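Colleague: I'd like to go through this one with you and ask how each label was earned. Could you put it up for us?
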Amino acid sequence: MENARTDTFLITGGCGYFGYRLACSLHKKGARVLLFDTVPPIQEVPEDFVFVQGDIRDYAQVERAIAGVDCVFHIASYGMSGREQLNHHLIEAVNVQGTQNVLKGCVEHGVSRLVYTSTFNVVFGGQVIENGNESLPYLPLHLHPDHYSRTKSLAEMAVLKANGTALKDSSGVLRTCALRPAGIYGPGEQRHLPRIVGYIEKGIFRFVYGEPSSLVEFVHVDNLVSAHELAAEALTLEKQHRSAGQAYFISDEMIHHLIGPFYNFQPLLTRTEVYKTGVTHYFSMAKAKAELGYEPQEYNLDEVVQWFRCRGHGKKSCSSFLSRLLLDILFVAAFVAVALSFLPVVGS
């Protein structure tokens, strides 16, 4: 990334898994990095990192953080998976109002570049998509199966609509773009993989949902970091602002078969997670390659597996069989109890 050495970047959600990984990459290239998040980073951070504690729902806090930066990576969001998906009010406040606050802060304080981390869910709602591209229309808002995807769609629309907005200091205009990544994986990822690994070790995953032939995509965290850096660079004059006003699908460009669990209740997988991972959907990287110069590196799960093994996962214990047997008994008992509840009561 050519301009990183002299630029100052603000990363909303900068203390999360991906945000912190992006921050470290920018820092290695000589950039000044500000992490804006509701909680401090759990990782050990370099001395010259700046952590600004704040909430994107509060414009005053956003304004204080954004003043003086050259580019914003707006990553912060809420409600992607698990129990978070049930809190519709907070999802709306963070994803929609929070994004409006970030856009307003950029315009008010002369920040000329913003890269938004969106999701492929802005066009996907459970329908089959094979090698889809950016010409696909937004999924109608009323068809989104979950509030997270609906609000991310609204936020992306707002970000791209803001492209070309005049800055208040008359220094130019705000240029924006959006990246639509697939599911993120990598060593240390804490949102999805630990939950899945834990269920597997407990013997909970015993059923299959969806078609075994379903094809889906993922993106390694370092490929996603590269895509964000390239997108920010493509917003500059040196790159003819080629990414301004554009959206890009981002993945490893490797398609996977996915087989998952049948359970669709908390705290295992939500109905939305089951609904979306059991259907073929993958996208073309042609636009990202042509306009951003995106070239995904090839990764496999070896480093992820090793990360879990180093933390004690995958080690058999003498009680593992008994634990699985107990869980099976509990599941069968619950199933029988539900089935019996539908039988007619004698004499009724």
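Colleague: Which elements do the buried residues of α2 pack against?

Modeller: They pack against β1, β2, β3, β4 and α3 (88–108). Keep in mind that this is a predicted model.

Colleague: What makes residues of α2 count as buried?

Modeller: The label requires under 20% relative accessible area. In α2, Tyr59, Val62, Ala65 and Ile66 carry that label. Viewed down the axis of α2, the buried residues lie within an arc of 125°, so they line one face of the helix.

Colleague: Where does α2 lie?

Modeller: Helix α2, residues 59–66, lies across β1 (8–12), β2 (32–37), β3 and β4 (71–74). Its direction is at about 170° to β2. Angles here run from 0 to 180 degrees between N-to-C directions, so about 170° is close to the upper end of that scale.

Colleague: What is found at the start of α2, and what just after α2?

Modeller: At the start, a side-chain oxygen of aspartate 58 comes to within 3.0 Å of the backbone nitrogen of alanine 60. The cut-off for a polar contact is 3.5 Å between N or O atoms, so that distance falls inside it. Just after the helix, glycine 68 has a positive phi of about 90°.

Colleague: Now the sheet. What is the strand order?

Modeller: The open sheet has seven strands in the order β3-β2-β1-β4-β5-β7-β10, with parallel pairing.

Colleague: Why are β3 and β10 called edge strands?

Modeller: Strands β3 (50–53) and β10 (246–250) each pair on one side only, and that is what gives them the name. From one strand to the next, the twist averages 20°.

Colleague: How do you know that β7 and β10 pair?

Modeller: At least two bridges are needed. Strand β7, residues 175–181, has five bridges with β10 in the parallel sense, so the pair qualifies. Cysteine 177 has glutamine 246 as its bridge partner in β10. The parallel strands β4 and β5 are joined by four bridges, so they qualify too. There, phenylalanine 73 stands opposite valine 115 in β5.

Colleague: What makes β5 largely enclosed?

Modeller: Five of the five residues of β5 are buried, so the rest of the structure largely encloses this strand. Arg113, Val115 and Thr117 point one way, while Leu114 and Tyr116 point the other way. In a regular strand, side chains alternate between the two faces of the sheet. Helix α6 (residues 221–233) lies across β4, β5 (113–117), β7 and β10, at about 150° to β5.

Colleague: Why does arginine 180 count as buried?

Modeller: Its relative accessibility is 5%, and the cut-off is under 20%, so arginine 180 counts as buried. Arginine 180 lies in strand β7.

Colleague: What does the side chain of arginine 180 join in a polar contact?

Modeller: The side chain of glutamate 156, at 2.6 Å. With the limit at 3.5 Å, that distance is inside it. Leaving aside neighbours within four places in sequence, arginine 180 has further contacts, among them Phe120, Glu134, Tyr138 and Tyr248.

Colleague: And for the protein overall, how many helices and strands are there, and what share of residues is buried?

Modeller: There are 10 helices and 12 strands. Of the 348 residues, 47% count as buried.

Note on methods. Residues numbered from 1 in each chain as written. Predicted model: local features only at pLDDT ≥ 70, side-chain atom pairs only at ≥ 80, totals over all residues. Heavy atoms only, no water. Helix = DSSP H or I, 4+ residues; strand = E, 2+ residues; numbered from the N terminus. Buried < 20%, exposed > 50% of the residue type's maximum accessible area, 1.4 Å probe, protein only. Contact = heavy atoms within 4.5 Å. Arc of directions from axis to C-beta. Polar contact = N/O pair within 3.5 Å; in protein donor to acceptor, adjacent residues only side chain to side chain.
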